[in-house]
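Visitor: Hi! I'd like a close look at one part of this protein, please.

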Amino acid sequence: MLFTVLSPPESHLKYEDGNVLDKSPLSGGRSPKITWNGYKINRVKSFKYLGIHVDDRLNWLEHINKQGEKAIKMQQNLKRIAGGNWGISQIHRWTLYKTVIERMLAHGSSAWCLNPTFKMKRKLSSIQRPFLLHISGAYRTTPTAALQTILGIPPLHMQLQFEARFTSIYRLRIPLPPFITDTQPHDLEMKATGWSTHPSEHLKPNQISFEDGEAYIARKDIINIFTDGSKTEHGVGAAFCVLTNDIWAYQWSAKLNDNNTVFQAELTALHEAVIYASHLPNHNTSNIHVDNRASIMASSNSKSTNATARKIFKILLSNPRIKVSWVKAHAGNIGNERADQLAKDATQHGQPYSHTKLPKPYIKGLLRKRMLEEWQTSWKNGDTGRKIYNIMPSVSLRPTNWIREDVIFFSQHGPFPAYLKRFHLSDSDYCSCGGIGTALHYATECVYTVSWHMRKPAPNFEQEWLKRVANNLFSRQKIRGIIKFMSENRDLFRPP
């Protein structure tokens, strides 16, 4: 690339094609002016590439701001179809956030959210907050940390960091620091792509059967093999056994890693069975009986993304005398029952089998556990939402069954005079009945809410009382009645 540099005479540099780079000090310290083939190339502070906004400081705040703007617009559209007391339900709003908004914000997170800065965390929290308020229906002053715990939604930066970590180790094959996980990319089972063989190559029509009832045929030239996989509290096992002329001629079993899945165990047993059958004399026909349809379907598909299934397919393709059929599990079939028992025994006493790598759900569960630990530490050591913390000290990814009235009462951010006075929305914290207008006052002693009263706790048992009420549906029904009545009759509770 050749340029002509325009500057004061003493600093002129000329190039062949007539393009210009102006680095003149007379420009007042501004950035260089570049032209290419007569067109001026403007300098920008950020650009968009593959859906990610890259800024000149590489701090990703530009990308977060742009995605936040899109999210807020979407949130405003959601508001139109869901008001405070009508429209789509809370669980549907929760689902829309998790499946639409969060997915949009997570785009490209492995590039920009692997190690978020404090500014990024704060900005992501401000983006997430309107959605938490919209889902819960809580008052605008309700702490974000409390809403996250109530709704089972982790802080946004933790959720995106979880996505980034998973993509880095599983898709990009980048090792993570030991304090996150000691599992390396080469330990994981990766997804295969493309065709395992040429598209014109297919298994024989009679090699695969899904018809139940093909237990086995007792003939001298037919060898029946039964496979099974098992997962118990003791571990994961795989096994197969060979029946020839009503004689158990051979059996194999192995213990897999405790984090392997049953599907992996089924495929491992089938893989070892087809290897065994491929080494038998050519005049023998082998019938392999499997009680797992999914493993048969994966192994007969030339485009399967499972590496073990592809190996099985290639062996079956080169050995048309090997047939695989489905047999109903636990239906009294002697071969299937024996293979099942061998697999269960292998979970405790089988020889270790190290050829099967760890599945995708394992690393995802490991990273999710790490995210929950970080969230729990943040929740425990936080300085906001302590009223909710005393009721719900542990975080979870499952939302509570609280509705809007429950959130208002237990957070104590609602139409209570004590709350209004605290946030300078009222001159007095007294109820019109003469008592201090706290949430506890209306639940136990206010004359206007006597229909829903519960026994007032002693001052030193107030937190235990709130926990009991929060975990009791009948008590929460009373709380909901109180909040609805107060919301519909606000003037009744204002002091004269």
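How many bridges join strand S8 to strand S9, and how do the two strands run?

Guide: Before the strands, two notes on the ground rules. This is a predicted model, so local features need pLDDT of at least 70 and side-chain atom pairs count only at pLDDT 80 or more, while totals for chains, interfaces and linings use all residues. Residues are numbered from 1 along each chain as its sequence is written, and side-chain values use heavy atoms, with hydrogens and water left out.

Now to your strands: S8 (residues 222–232) and S9 (residues 235–244) run antiparallel, joined by 9 bridges. Strands here are DSSP runs of E with at least two residues, helices are runs of H or I with at least four, and both are numbered from the N terminus. Two strands pair if DSSP finds at least two bridges between them. To pick out one spot on this pair, find Asp 228, which stands opposite Ala 239 in S9.

Zoom out a bit and you'll see that S8 and S9 belong to an open sheet of 7 strands with mixed pairing, in the order S7-S12-S11-S8-S9-S10-S13. At the edges stand S7 (208–209) and S13 (351–352), each with a single partner strand, so one side of each has no neighbour in the sheet.

And the rest of the chain? Overall there are 17 helices and 13 strands. The radius of gyration, taken over C-alpha atoms, is 33 Å. The globule rule (2.2 Å times the number of residues to the power 0.38) gives 23 Å for 496 residues, so the chain is more spread out than a compact globule. Along its principal axes, the C-alpha trace spans about 100 × 90 × 40 Å.

Buried residues make up 46% of the 496, where buried means under 20% relative accessible area, exposed means over 50%, and partly exposed is in between (1.4 Å probe, protein chains only). Gln 148, in helix H5 (residues 144–151), is buried at 7%. Leaving aside neighbours within four places in sequence, Gln 148 has contacts (heavy atoms within 4.5 Å) that include Gln 128, Leu 132 and Trp 375.

Want a couple of oddities to hunt for? Most residues other than glycine have a negative phi. Leu 58, though not a glycine, has a positive phi of about 55 degrees; look for Leu 58 in the loop between strand S6 (52–55) and helix H1 (61–81). His 424 also has a positive phi, near 60 degrees, and its loop runs between helix H14 (417–422) and helix H15 (439–444). Leu 58 counts as exposed at 55% relative accessibility, and His 424 counts as exposed at 72%.
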